[in-house]
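Colleague: I have a model open and would like to understand the words you use for it. Could you take me through them?

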Amino acid sequence: MTHRQVLEALSGLLLVLFVAMISATIVSVALPQIIGALNGSQSQYTWVVTASLLASTASTPIWGKLADLFNKKLLLQIAIVIFMVSSLACGFATNTGQLIAFRAVQGLGMGALQILTQVVIAAMISPKERGRYNGYLGAVMAVATVGGPLIGGLIADTSWLGWRWCFFIAVPFTIAAFTLLAKTLHLPTTRRDDVSIDYWGALLIAVGVSVLLIWVTFVGNEFDWLSWQTAAMVGAGVLLLAVATVVETKVREPVVPLHVIRRRTPALAILASLAVGMAMFGGSVFLGQYFQIGRGYGPTAAGLLTMPMMIGVLFSSTISGRLVSKTGKTKPYILIGLVVLLAGFGGLGTIDHETSLVLVGAFMLLVGIGVGMSMQNLVLVIQNTVPLREIGAASGAVTFFRSLGGTVGVSVLGAILANQVASDIAAGLAKAGVPVGGDGAAAGGSLNIAALPEPIKVIVRAAYGDATGHIFLVSAGIAVVGLVAAAFLQPARLRDSLDLPEQAPKQEDAPTRA
């Protein structure tokens with residue numbers, strides 16, 4: 001494809017990526033209102049997010065592998081249709097159970113669009129030049145990830161629209177993206193006769209992770225940490241993942257290519273991606289809740305208050321992408337980004353319901369800068385170590401683990417937040433002389449804050465505001481792990497060619513020089 005053709009196709013790819021990413025974040029600020037309107041609980045709040053992330057995570061490696069086997073353009077169009085239909089279904093949901101189910105289907109489309117966009121770009125542009133284009137890619141993901149809450153807030157606050165349009169709004173974008181890509185995207189059709197897709201591996205991974213996340217959601221509330229339920233669920237989850245690992249070593253076309261991820265550079269990049277995934281999803285999900293429930297702002301104001309994070313990701317991803325293309329190096333920018341990310345999480349770990357909004361904004365800016373400098377560069381590190389025929393599987397692997405980090409992060413942080421909030425509300429009600437078994441139980445179980453009496457509403461808001469800082473302290477600890485992993489990445493220059501030289505795949509993670 002010529003440069004002009006690349007730019008034309010890229011416009012459609014960026015549009016479809018924007019739609020996929022924004023669907024994960026546009027509901028984050030409106031979610032307290034959505035769950036309140038559907039009479040849902042804090043656990044259901046978390047699972048509306050987790051369901052889509054989990055489905056996206058489990059399906060990402062399959063889509064990546066299919067991209068290595070079949071026509072990439074056709075797969076992308078199929079994913080767009082799945083996403084559009086499920087978005088409509090979410091908008092028509094009448095209870096939280098339906099919403100969670102439809103969000104899981106939507107997650108299938110989200111995972112496909114995110115990974116297929118990166119695979120198609122990798123098939124058009126060499127790794128060194130890709131750094132410049134990845135700057136645009138990262139900027140779009142940044143605007144969607146953190147700008148989504150602003151759009152969602154405006155929609156939720158507009159009386160003639162309402163929260164259901166947070167889902168309906170994706171439909172015109174998907175139609176436009178489908179039409180644009182049909183006209184501009186021209187890739188050679190690649191079809192192999194020896195097709196082998198690892199459905200068992202994908203199923204075992206998805207079920208194993210789901211069991212562990214369900215355990216995280218209910219442990220401490222429905223049953224004790226030391227109980228037969230804990231032993232059964234943790235044991236089953238670990239066993240399923242162990243069997244999945246064995247399956248991945250036996251099948252011909254594994255969804256998670258162990259021969260790629262056990263190399264030093266991909267393994268370290270994947271570990272660092274887990275921290276970035278937690279930052280990207282956890283930050284946008286729980287900061288929106290903090291501003292609305294903990295600080296009492298409306299959806300639009302809450303969306304505006306998340307702007308510092310969006311600005312940080314937007315500028316840092318664009319600038320670092322251009323610098324990567326200019327220098328051919330990624331490790332310095334990843335390290336700096338993760339240090340800044342750690343500083344931002346550490347700062348957010350100190351906030352409560354009375355912290356200065358200027359200070360909160362400064363910490364969010366640091367988190368945004370950290371995510372922008374590290375997220376796409378970690379994908380680029382792995383893509384640089386594999387031949388073109390494995391680009392889809394390798395990209396799917398790193399995206400899988402980054403999404404897994406986000407899924408586990410949202411689930412674990414949500415469970416910590418729910419337990420902390422319940423404890424703080426009980427203490428606040430006891431101090432105020434309100435029986436915990438009465439209105440207090442309702443306060444802890446429902447997010448319909450507007451329906452609570454004013455004295456209880458104040459206690460609930462303070463509990464959410466104070467508990468949010470605790471979950472970001474946990475995120476800071478995870479960021480340390482990511483920083484250590486990135487520090488051991490092997491320095492390497494990005495290659496100019498689309499594919500590796502013939503001898504390169506035989507070397508163990510050998511850096512490719514331009």
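Modeller: Happily, and let me begin with rings: those of Phe, Tyr and Trp (its six-membered ring) pair if their centres lie within 6.5 Å, and planes under 30 degrees apart count as stacked, over 60 as edge-to-face and the rest as tilted. This is a predicted model, where local features need pLDDT of at least 70 and side-chain atom pairs count only at pLDDT 80 or more, while totals for chains, interfaces and linings use all residues. Residues are numbered from 1 along each chain as its sequence is written, and side-chain values use heavy atoms, leaving out hydrogens and water.

Colleague: How many aromatic pairs does a search of the whole structure find?

Modeller: The search finds six.

Colleague: What makes Trp-165 and Phe-168 an edge-to-face pair?

Modeller: Their ring centres are 5.4 Å apart and their planes stand at 85°, so the pair is edge-to-face. Both residues lie in helix H6 (residues 165-168), three residues apart, about one turn of the helix. Helices here are DSSP runs (H or I, at least four residues), numbered from the N terminus. Ring pairs also link Phe-92 with Trp-165 and Phe-168 into a cluster.

Colleague: Why is Phe-168 called buried?

Modeller: Buried means under 20% relative accessible area, exposed over 50%, and partly exposed in between (1.4 Å probe, protein chains only). Phe-168 has 13%, so it counts as buried. Trp-165 has 39%, so that residue counts as partly exposed.

Colleague: And what makes Tyr-290 and Phe-291 edge-to-face?

Modeller: The planes of their rings are at 65° and the centres are 5.3 Å apart, so this pair is edge-to-face. Tyr-290 is at 1% relative accessibility and therefore buried; Phe-291, at 1%, is buried too.

Colleague: How do you know that Gly-201 is buried?

Modeller: Its relative accessible area is 0%, so Gly-201 counts as buried. Gly-201 belongs to helix H8 (residues 199-218). Contact means heavy atoms within 4.5 Å, and Gly-201 touches Ala-244, Val-247, Glu-248 and Val-255, not counting residues up to four places away in sequence.

Colleague: Why do you call Thr-96 buried?

Modeller: With a relative accessible area of 6%, Thr-96 is therefore buried. Thr-96 sits in helix H4 (residues 96-124), and beyond four places in sequence its contacts are Ile-35, Leu-38, Gly-40 and Gln-44.

Colleague: What makes a set of residues a nonpolar core?

Modeller: The members are buried Ala, Val, Leu, Ile, Met, Phe, Trp, Tyr and Cys residues joined through side-chain atoms within 4.5 Å. In the largest core here, which has 135 residues, Ile-34, Leu-116 and Leu-348 touch the most other members. Helix H1 (residues 3-37) supplies the largest share of this core, 20 residues. A second, separate core has seven residues, among them Val-211, Trp-215, Val-219 and Ala-415.

Colleague: Which residues does Ile-34 contact, leaving aside neighbours within four places in sequence?

Modeller: Ile-34 contacts Val-27, Leu-99, Trp-163 and Phe-167.

Colleague: Which elements have the lowest and the highest mean pLDDT?

Modeller: pLDDT is the predictor's confidence in each residue, from 0 to 100. Helix H17 (residues 436-445) has the lowest mean, 48, and helix H14 (residues 331-348) the highest, 90. The chain averages 78, and 83% of the residues score at least 70. Over residues 503-514 pLDDT stays under 50, and there the model has 23 contacts beyond four places in sequence.

Conventions:
Helix = DSSP H or I, 4+ residues; strand = E, 2+ residues; numbered from the N terminus.
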